[in-house]
Amino acid sequence: MKTTLTQKKSAFVSCLTIALIFLFSNYGKAHGLVGGSISYQCTTTPGILKVTIKAYSDCAGLSLCGGCSNPIPNGTTYGCNFQQVTTKIIGLSPEFLGVNYGTFTLTADQASSGFDIIQTCKSNTSICTNCNTRTGGTFTTGIEVYTFEGNANLTAIPATCCRVGLQANNIERYFKTNTVDINQDYFMIAELNRCQTICNSAPVFTNEAVVAVCSGVDFVYNLGATDVDGDSLSYSFGVPYRALNTEVIYTNPYSSSYLIPYFGAPNMNAASPAGMRIDPITGDIMFRPTSIVNTYLIIEVTQWKLIGGIRVDVGKTRRDVGFITLACNSNKIPILKTYIDGISQNGNQNFTAYAGQQICIDIVAQDQSLINNDPLTSDTTDLSWNNPIWFDNTMSNATFTRNYILANRAINGPKADSFKFCWTPPSSAIRSLPHIFTVSGSDRFCPIRSVFTRGINITVEAPKMLITKSTKKVFCNNKTTSFNLDYEANGINLLSNNLFIVQLSDSLGIFTNAKIIGSEFNTNNSGSISVNLPSGLALNKNYKLRLLSSSQTNLATAPYDILIIPGFNEPVITAKNNSICDGLKTNISLNSTDNISNYKWFFNNQTINNTNSNSSNLQVNLKGEYKLAVNNEGCADTSNTVEINVNENPKVGFTINNTSQCLNGNNFLFNDTSTISAGTLNRKWYFNENKDDTSTLISPNKTYSKSNYYVIKLIVESNNNCKDSIIKIVAVYPNPVAEFSIQDSAQCLFGNSFQLTNNSKNINNQVWSFGDSSNTTTLSNPTKTYNKIGTYTIKLLVKNYNNCDDSIFKIVVVNAQPNIGNIFGNTSPNSITTSFTYSVLNQVNSTYNWTATNGTIQSGQGTNMVNVIWPTAGIGNLTAKVINNYGCMDSSILPIKITNVGVNELNHNFSQIHFKPNPFSTNLEINFTSVTKESTRLIITDAIGKEVYVQHFQTNMGDNNVITEDLSTLKPGFYMAILANNNGQSKAFKVIKN
């Protein structure tokens, strides 16, 4: 409610963070970062870390470099002249909060800064290559990489502060992104756990953090992360931040869980090729972008160290990866192909090697045909790897060799680039987690090459003997069973006269007094051994087998277990859910330790004939009784029965009073119309204004506080836990803002004119009403005149394009006008000494002002009656004005004709009167003798008797009266100069103004 005359209607949890604030003079926040990472390395000095920041800058913005020389293609540096990065170290945990631990600087590494990293074909140049002008080349997208290095001193940090963060922010995000709101600070952070290890180094990323990809084409990317300490790494998607624990604001419809348009979005777990996934072990990112955007992905890399037999998180690095998606004329990404000994591995990336045994993998980048799968139209591909030798000393003997002569490739091919990777793992390479290196393949399509980056994982195991055929045998009716046991030696070259022995444990699975149940000499690395189970084995007990092998060098002595179940037990079947909802299925599973080979399912004692009936698991969706008959090695039995009940699903529905409403006064009324034939229903509404914005009422109502589109979801659930849901969308439109101003809100009746100015915002039209019987108007800035006094309400109603309205009203007042009427009195006075009485109507709460031309108001000024003396013969006027308490005025004029009196014949006290000079130009001097000492006036009237000058003064007795008046403002002409006293005596003379 407005006051006065206006009313309006409208309804890391870490102990410490090292804050790296980028301070680039001359450039401020105009760079626009599109990706980046922080890494840190231990030094030989305790408490000192070498910190490296890689920042990827949009070439369409300002260069991070202060100077830029003419570039040389193919990665040569451009030359940089720029400042250092100043950093500040402060504590953030409660006990260290706000403590300043000093500053340090990072200096730009000019040898690895200022060059374009976006992949293009040779005939195209990017905006980065026009370094001095920043004008577009044939390929406008360009990203420069800058590297900053320096030392961070952590010695001042208390020892009890375990987790330390390295943070970089205060740089504006990439201003061209269309998934994130612009002008938000860019934020990077890495953290380490000082209390778990003396010093730990962060992983290093060998692949660039910004990639250009083709929309509609499957994309695979890998960070190429390596850890110099040999720590295990795990990968996950992270949330972009603009400050510590403050998420980035996204443009609709994007969010921290929907970072980029991709096939199957926003379901990240959709079946391939839909969805968006990251391999937690290798870090491979796989998705298919579906539109042209520039965006970010945040990859969190966690380091794990085995300490005391427990894997401990010793550090975490967040890397911002910029993705630029472009239209590439349906260029398809090359395919990774892998081969071992010429046998296709179908692009497999996961391999097992054995210590001391060489593994060789042929890796091929095969381009997909562009036209009708015609290989002749496919592109030439190029393949490379991120040589892991420097960070993984166990791979020091690994090689990556071309499968062709490079000098002859242009003539003889091949189009598909291929390399052979070979490695003989040492025993020090044995571990449960894989050794990883990355390979990158690309075609030569212009302007953007399609690129994949994949991690190749090699898990190294100790040499061992394997039972290759898991053999489960049923000891039925206590009869001895014979069978063959297949084996294979991996990582072992068996010598002659190698003895294989098969042992049987006791009924508890213990091999202390193992029985030999089979043996065989064999010189091959694989084969089969005949096994005879002894009689007399206990029923319903678990026995185990193991295989032992020996050679002249005693390399193979590895036990392996095979389960033997003597006897036969009644199989038990169980249902995952005995009560299911209509349209859903449940699994019925065999719960038995017996080795059952034949199955036969029954439904209501009828055989089920379908493709799933021969499995130990059955999916069902019909109400009734299920049973399983089994037969194994001549042992047969029938299972228990399972009853499945199928419950009715509710039919969900609801109504809305109005799906589109304006913000002011919005009130959405929802009514649950869901039905079910039997049972009860529970419901839950989701109104989508915040996470707790829900209701369980049948007919709730909702009022929104902000304009937006909201998804309304209703989930109904029966007493049998059967559910159905439905969503609808409502729109809350923003309201306009009504406002206007009035030039003067209180005016008099005569001549009133109210000027109205429309100051409303976000409107499409307006309607004015004025509080009287006059018509409304749709003018923007109307003028209103009232013909009656009174108080009026002026109302402005405005509407926008969504027909939402707002209104405001203000009060104006039309005040009463006084009516003075005629002046009553003598209009032809014949004496210059006589006082004449004049009057007008008397009005309450009013004041009066009288003016007499060629006359003198003797008394009554301010009232409705005055006495006037007319000292000079001629024409005069008497004017009366009345002003009421509202300030409104009326006036009346009475013409006066002064007759039968000669102005020089009146008695007076003046003599020896002289006016000089006469005619005069500027000053007029008057000399006269006065009989008495009295108050006197000099009156100058024009030719029609109108007073144009009056001067009061005191006369002296005698002839020493001299008056000099400045009359320069009078116009040339004839005037009367009159000397008059308070007794009505006067003397007049004609004077002339040149």
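Guide: Buried means under 20% relative accessible area, exposed means over 50%, and partly exposed lies in between (1.4 Å probe, protein chains only). This is a predicted model, where local features need pLDDT of at least 70, side-chain atom pairs count only at pLDDT 80 or more, and totals for chains, interfaces and linings use all residues. Residues are numbered from 1 along each chain as its sequence is written, and side-chain values use heavy atoms, with hydrogens and water left out.

Visitor: Why is C581 called buried or exposed?

Guide: C581 has 9% relative accessibility, so C581 counts as buried. C722 is buried too, at 0%.

Visitor: How do you know that C581 and C722 form a disulfide?

Guide: A disulfide is a pair of cysteine sulfur atoms within 2.5 Å. The sulfur atoms of C581 and C722 are 2.1 Å apart, so the pair meets the rule. By this rule the model has 5 disulfides.

Visitor: What makes the disulfide of C581 and C722 left-handed?

Guide: The torsion about its S-S bond is about -100 degrees, so the link is left-handed.

Visitor: Why is C42 called partly exposed?

Guide: C42 has a relative accessible area of 27%, and therefore counts as partly exposed. C199 has 31% and is also partly exposed.

Visitor: What makes C42 and C199 a disulfide?

Guide: Their S to S distance is 1.9 Å, so the pair fits the definition. C42 is in strand β3 (residues 33-42) and C199 in the loop between β10 (185-193) and β11 (204-205), 157 residues apart. Strands are DSSP runs (E, at least two residues), numbered from the N terminus.

Notes. Helices (H or I, at least four residues) and strands (E, at least two) are DSSP runs, numbered from the N terminus.
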